Amino acid sequence: MGSKANKQPLQSLDVWQKVKTDIENKILSGYYAAGERIPSTRKLADDYNISLTTAQKVLRDLSREGVIEAKRSVGYFVNAYIRERIIEDRRRELHKRVQETFEEANLIGVDLQSLVNRLYSAKKS
């Protein structure tokens, strides 16, 4: 079975956030199922071309947030109930960004229909 992570190196000061978001996205898509073991620290470091320290930070953060559960000497597993919470958090963030976008559009004189048309064209592509 092939690797579940992309092999492209990520470059940025917040690389751990990108890896963390990628793992969350894989949980949302069903790539990692509830209760499934996720890759080890070493495997994450190798798959994402990141340091062991960065991989440990990702796993620690996901564990602290309840996205994954650490089982001593066994590994990390996807929390059975986390998918719904991630979806709700992302919906809340999306609604916030939509509100900010509408406020900005109003300030600069972009009408609602233009925004709606842009949404439809983005959906088609």
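## Charges and rings: worked exercises

Arg 85, Glu 88, Asp 89 and Arg 92 join up in a network of salt bridges. Keep in mind that this is a predicted model.

**Exercise 1.** Take Arg 85 and Asp 89 from that network and work out how they sit relative to each other in helix α4.

*Solution.* Start with the contact: Arg 85 makes a salt bridge with Asp 89, and the closest N and O atoms are 3.7 Å apart. That fits under the 4 Å cut-off for a salt bridge. Next, the spacing: the two residues are 4 apart in helix α4, so about one helical turn separates them. Last, the surroundings: Arg 85 comes out partly exposed at 35% relative accessibility, and Asp 89 is partly exposed too, at 33%.

**Exercise 2.** Find out which parts of the structure the Glu 24 and Arg 90 pair ties together.

*Solution.* First check the pair itself: the side chains of Glu 24 and Arg 90 meet in a salt bridge, 3.3 Å from N to O. Now place each partner. Glu 24 belongs to helix α1 (residues 15-29) and Arg 90 to helix α4 (residues 82-108), so the bridge ties together parts that are 66 residues apart in sequence. Then look at exposure: Glu 24 is buried at 11% relative accessibility, while Arg 90 is partly exposed at 29%. For the wider tally, the structure holds 9 salt bridges.

**Exercise 3.** Decide for Arg 64 and Asp 61 whether each is buried or exposed.

*Solution.* The two form a salt bridge, with the closest N and O atoms 3.0 Å apart. They're 3 residues apart in helix α3 (residues 52-64), about one helical turn. To sort them, use the cut-offs: under 20% is buried, over 50% is exposed. Arg 64 has a relative accessible area of 62%, so it's exposed. Asp 61 has 3%, so it's buried.

**Exercise 4.** Classify the aromatic pair that a search of the whole structure turns up.

*Solution.* You only need two values, the distance of the centres and the angle of the planes. The search gives 1 pair. Its members are Tyr 31 and Tyr 32, with ring centres 5.6 Å apart and planes at 70 degrees, so call it edge-to-face. As for exposure, Tyr 31 is partly exposed at 36% relative accessibility, whereas Tyr 32 is buried at 3%.

**Exercise 5.** Locate the ring faces that Lys 57 and Lys 71 lie over.

*Solution.* Begin with Lys 57: it lies over the face of Trp 16, 4.2 Å from the ring centre. Then go to Lys 71, which lies over the face of Phe 77, at 4.7 Å from the ring centre.

Technical notes: Residues numbered from 1 in each chain as written. Predicted model: local features only at pLDDT ≥ 70, side-chain atom pairs only at ≥ 80, totals over all residues. Heavy atoms only, no water. Buried < 20%, exposed > 50% of the residue type's maximum accessible area, 1.4 Å probe, protein only. Phe/Tyr/Trp six-rings, centres within 6.5 Å; stacked < 30°, edge-to-face > 60°. Lys NZ or Arg CZ within 6 Å of the ring centre and 35° of its normal.
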